[in-house]
Amino acid sequence: MDGVTVINHPLVQHKLTIMRKKATSTAGFRRLLREISMLLCYEVTRDLELTMETIETPIVEMQSPVVEGKKLVFVSILRAGNGLLEGMLELVPSARVSHIGLYRDHDTLQPVEYYFKAPDDLDERLMIVVDPMLATGNSAIAAIQKLKERGANNIRFLCLLAAPEGIKNFQEAHPDVKIYTASVDSHLNEKGYIVPGLGDAGDRMYGTK
Ligand code: URA
């Protein structure tokens, strides 16, 4: 699938299977999400540009590689996006963090922004937008639209599960944004849940149902 990277590392797939099981506890789900988010972060940053820096080891001076450019920005789509953040920040502790809150207006069915916080210089940074589930794609599309309106031009989207319907909508709206996911599932059901999926990601990580 063009523009979609499925992260099929055996550890990712194994952890995802346990997360899908309805018998997995809230504590277990949260721990696995933290672990899997580190592995996903590793893959989504795999091709970052490096630049050489002069350093001194205890023995000699040398040229050694470091990640080029300004600090990355991880963008969490509230609330479930926060579940992916923790592990990613453990791997990239200097990353900047942006939060975007959206709700769906009952009359217009359009996503309405209720919270937005991000660094100023978005045009100079790689943004990695995170939300565990790409279902209809509406929230991700709206969040990325907001980032683009504020200057972002180098964006990747990372999720745990994606539905084919969401990928299609997303790519129509943002063909320039690559999607990284651990699985492309079968379809969305009539309630907008991913099938087979893992249920409501926010409820499973926070124990709200
Ligand atoms: N959001 C979720 O948390 N789960 C789904 O299956 C779809 C959207």
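The ligand occupies the largest pocket of this predicted model. That pocket encloses about 870 Å³ of space. Its lining comprises 29 residues. Nearest the centre of the pocket lie D131, M133, A135, S139 and D200. Four elements each give two or more residues to this lining: the strands β5 (96-104) and β8 (133-134), and the helices α4 (138-149) and α6 (201-206). By class, 15 of the lining residues are nonpolar, seven are polar and seven are charged.

The shell around the ligand consists of M133, A135, G192, Y193, I194, G199, D200 and A201. M133, A135 and D200 in this shell are also among the residues nearest the pocket centre. Five residues of the shell are nonpolar, two are polar and one is charged.

Polar contacts to the ligand involve the protein backbone at I194, at G199 and at A201. At I194, a backbone N or O atom is placed 2.8 Å from a ligand oxygen. A polar backbone atom of G199 lies 2.8 Å from a nitrogen atom of the ligand. For A201, the distance between a backbone N or O atom and an oxygen atom of the ligand is 2.7 Å. On its own, the ligand has 240 Å² of accessible area, and the protein covers 82% of this.

The second largest pocket holds about 210 Å³. It is lined by 13 residues, with L48, E68, G69, L126 and N154 closest to its centre. The class counts for this lining are four nonpolar, three polar and six charged residues.

Two cis peptide bonds deserve mention. Most peptide bonds are trans. The bond between V195 and P196, however, is cis, with omega at about 0°. P196 belongs to the loop that connects β12 (194-195) to α6. This loop follows the strand that includes I194, whose backbone contacts a ligand oxygen. Helix α6, at the other end of the loop, is one of the elements that contribute two or more residues to the lining of the largest pocket. A cis bond also runs from L78 to R79, where omega is near -5°. R79 is located in the loop between β4 (73-77) and α3 (81-91).

Key: Residues are numbered from 1 along each chain as its sequence is written. This is a predicted model: local features need pLDDT of at least 70, side-chain atom pairs count only at pLDDT 80 or more; totals for chains, interfaces and linings use all residues. Side-chain values use heavy atoms; hydrogens and water are left out. On a 1 Å grid over the protein atoms alone, a cavity is a set of points where a 1.4 Å probe fits but cannot get out, and a pocket is an open set with protein on both sides within 12 Å along at least five of seven lines; lining residues have an atom within 4 Å of a point. Grid points are joined across faces, edges and corners, and a volume is the space filled by probe spheres set on the points. Ala, Val, Leu, Ile, Met, Phe, Trp, Tyr, Cys and Pro count as nonpolar, Asp, Glu, Lys and Arg as charged, and the others, Gly among them, as polar. A residue is near a molecule or strand if one of its heavy atoms lies within 4 Å of it. A polar contact is a pair of N or O atoms within 3.5 Å; within protein, one must be able to donate a hydrogen and the other to accept it, and residues adjacent in sequence count only if both atoms are side-chain atoms. Accessible areas come from the Shrake-Rupley method with a 1.4 Å probe; for residues, only the protein chains shown count as cover. A molecule sits in a cavity or pocket if more than half of its atoms lie within 2 Å of its grid points.
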